[in-house]
Amino acid sequence: MENILSGFQAEIGSISSDIKILQEKSMDMGLKLKNRKAAESKLAKFVEDIIVPPRMIDIIVDGEVNEEYMRTLEILSKKLKFVQIDAMLKTSKALNDVQPELEKLRQKAVSKVFDFMVQKLNALRKPKTNVQILQQSILLKYKYVIQFLKEHGKDVHVDVRAAYIDTMNKVLSTKIRAYIQALEKLQLDIATSNDLIGVDTRSTSLFLRGREPLKNRSAVFALGERINILKEIDESALIPHIAEASTKRHPYEVLFRSLHKLLMDTAASEYLFCDEFFGEQSMFYEIFAGPFSVIEEHLNTILPNCFDAIGLMLMIRIIYQYRLIMSRKRIPCLDSYLDKVNISLWPRFKMVFDMHLNSLRNANVRTLWEDDVHPHYVMRRYAEFTASLIQLNVDYGDGQLELNLERLRMAVDDLLVKLAKLFQKPKLQTVFLINNCDMTIAVLKEAGPEGSKIQMHFEELLKSNTSIYVEELLMEHFSDLIKFVKIRASEDPSSGSSERPISVSEVEPIIKDFGSRWKAAIELMHNDVITSFSNFLCGMEILRAALTQLLLYYTRLSDCMKRIAGGSSLNKDLVSISSIMYEIRKYSRTF
């Protein structure tokens with residue numbers, strides 16, 4: 001029994017050993033299977049990455065460049081990149097067989113897409129082609145072509161890029177040059193070198209005014225409806241053939257806005273297209289070197305002959321507005337160009353402004369003078385010109401412009417005083433100053449609250465001259481009364497301090513004279529005011545001030561008489577204060 005058990009134990013040990021061997025073989029086989037699967041997976045991936053299917057060859061070699069061609073190019077690009085990544089792959093015999101075929105396909109693809117791009121670029125050159133529609137609806141569909149060339153055909157990519165830059169440079173330059181030529185036919189000349197504030201209108205021959213109709217001369221100094229261009233800043237550009245059909249002509253700033261609106265829209269579209277299609281923004285500046293040059297050449301022709309200060313300031317504001325619009329769109333491509341235009345506009349504006357300033361400083365006073373106390377045309381020009389520039393500075397607060405306007409104000413002040421002095425009578429001098437100040441204030445008020453600084457100056461001037469005129473007017477009709485009140489009425493008869501006390505005989509002629517003709521004198525004053533002052537409301541205000549001052553003088557005379565010994569004997573000759581008040585109110589009602 002023991003022998004049987006020993007033999008059984010030995011067999012069990014042998015079986016255990018066999019199981020262990022089988023386990024080891026199983027593990028070894030499992031590892032080999034895993035390794036084979038991993039190798040198979042890598043090999044399959046390798047084969048898939050390097051294999052060139054016949055369908056792909058057919059599409060690359062014979063297919064049309066379309067969306068399917070783009071997808072095939074992407075697959076080819078992946079295969080070309082794969083064979084370049086790992087140096088170990090270069091030892092593969094399979095790769096050595098496939099690589100020449102891949103290279104042939106690369107060359108064929110590069111050649112084919114180059115021809116395709118040349119064809120599309122030629123389409124851009126055709127007359128009446130809408131470049132933006134062609135870019136957006138066709139070229140952008142094939143933007144992968146550019147990426148493929150950049151990665152697998154660098155030399156050809158450089159050629160395509162250069163060809164596109166050259167094409168667009170010429171196409172846009174031609175279009176903008178043609179647009180400028182069309183706009184020039186619509187231009188309305190506003191000002192010549194003789195249209196200055198201080199130039200005598202009679203010395204400027206109408207035959208020297210070029211194409212500008214007489215009715216447009218007011219636009220030289222008055223802003224009027226021209227400010228609407230800033231409210232229409234983002235309106236579409238003018239279409240020349242439609243605008244020309246209407247026979248309407250436009251001031252240059254309208255054409256300037258239209259040109260720069262077209263430039264802004266074209267530039268923004270091209271900038272974004274270059275970024276999306278070529279993946280670079282810098283080439284925009286190479287494309288637009290031509291269009292910028294065309295516009296600068298145009299401006300260099302126009303600006304030296306532009307004597308329209310208001311038009312120049314409108315152009316400066318247009319450029320400012322377009323910079324804001326481009327900034328809000330976050331498109332910086334026109335920043336340097338707009339800065340350059342702005343820098344060229346300011347010196348020209350300053351030069352024309354200084355011509356106006358010097359025309360006032362160097363004006364021939366005797367030539368300008370007219371024997372007429374109503375507002376002088378030079379002052380009206382000044383008022384309209386200043387109001388226009390103030391209005392164009394409302395939202396900008398340009399300190400330099402304010403300083404220049406102050407210089408202009410000082411020059412016109414000096415000229416106004418010189419013109420006034422040519423009137424022989426002081427009263428006429430004062431009337432002339434009042435009329436011109438009143439007109440200037442009325443025009444400046446239309447420019448809004450920003451005119452307050454210059455406006456306040458003329459209001460002070462008006463106030464001081466009104467006081468002078470009131471005294472002159474009263475002295476003309478009531479000189480004895482005023483002299484007596486100013487010299488004698490302040491004396492106290494009871495104090496005895498006066499060398500010669502006021503007597504009834506001294507006052508009686510004054511009171512009787514006043515009583516006999518005060519109504520007639522006031523009527524004369526009224527007629528004088530009506531004929532002297534252009535602004536009826538201003539004249540009535542002055543008349544009321546004169547009558548009020550007269551009432552004060554007469555009240556002082558009445559008070560003085562009460563203090564004179566025996567003055568009561570003249571009470572019967574006194575005009576009651578209420579009668580004078582009634583007369584004042586009567587004239588106030590006409591006011």
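## Salt bridges and contacts in a predicted model

Asp 166 and Lys 170 sit four residues apart in helix 7 (residues 154-184), so about one helical turn separates them. The model is predicted. The side chains of Asp 166 and Lys 170 form a salt bridge, with 3.4 Å from N to O. Asp 166 is partly exposed at 33% relative accessibility, and Lys 170 is partly exposed as well, with a relative accessible area of 43%. These two residues also belong to a network of salt bridges that includes Arg 125.

Across the whole structure, a search finds 26 salt bridges. Among them are the three pairs listed here.

| Salt bridge | N to O distance | Relative accessible area |
|---|---|---|
| Asp 166 and Lys 170 | 3.4 Å | Asp 166 33%, Lys 170 43% |
| Glu 296 and Lys 340 | 3.4 Å | Glu 296 23%, Lys 340 47% |
| Glu 508 and Lys 512 | 2.8 Å | Glu 508 27%, Lys 512 43% |

The side chains of Glu 296 and Lys 340 meet in a salt bridge. Because Glu 296 lies in helix 12 (residues 289-302) and Lys 340 in helix 14 (residues 335-361), this pair ties together parts that are 44 residues apart in sequence. Glu 296 is partly exposed, and Lys 340 is partly exposed.

Glu 508 and Lys 512 are both in helix 20 (residues 504-532), four residues apart, so the separation is about one helical turn. The closest N and O atoms of this salt bridge are 2.8 Å apart. Glu 508 counts as partly exposed, and so does Lys 512.

Two helices are described next by how they cross. The axes of helix 6 (residues 143-152) and helix 10 (residues 252-278) come within 8 Å, with a crossing angle of roughly 55°. Helix 6 is therefore oblique to helix 10. On the helix 6 side, the residues in contact are Lys 143, Ile 146 and Lys 150; they meet Glu 276, Phe 277 and Phe 278 of helix 10.

Arg 409 is located in helix 17 (residues 399-421). With 11% relative accessibility, Arg 409 is buried. Leaving aside residues up to four places away in sequence, Arg 409 touches Tyr 382, Ile 454, His 457 and Phe 458.

Met 1 is found in the segment before helix 1 (2-50). Met 1 is exposed, its relative accessible area being 74%. Together with Ile 4 and Leu 5, Met 1 makes a nonpolar surface patch of about 390 Å².

How values were computed:
Residues numbered from 1 in each chain as written. Predicted model: local features only at pLDDT ≥ 70, side-chain atom pairs only at ≥ 80, totals over all residues. Heavy atoms only, no water. Patch = residues over 30% accessible without salt bridge, like charges linked within 9 Å, V, L, I, M, F, W, Y side chains within 5 Å. Areas by Shrake-Rupley, 256 points an atom, 1.4 Å probe, with all protein chains shown as cover. Salt bridge = Lys/Arg side-chain N within 4 Å of Asp/Glu carboxyl O. Helix = DSSP H or I, 4+ residues; strand = E, 2+ residues; numbered from the N terminus. Buried < 20%, exposed > 50% of the residue type's maximum accessible area, 1.4 Å probe, protein only. Contact = heavy atoms within 4.5 Å. Axes fitted to C-alpha atoms, helices over the stretch in contact; angles between N-to-C directions. Parallel < 35°, antiparallel > 145°, perpendicular 65-115°, else oblique.
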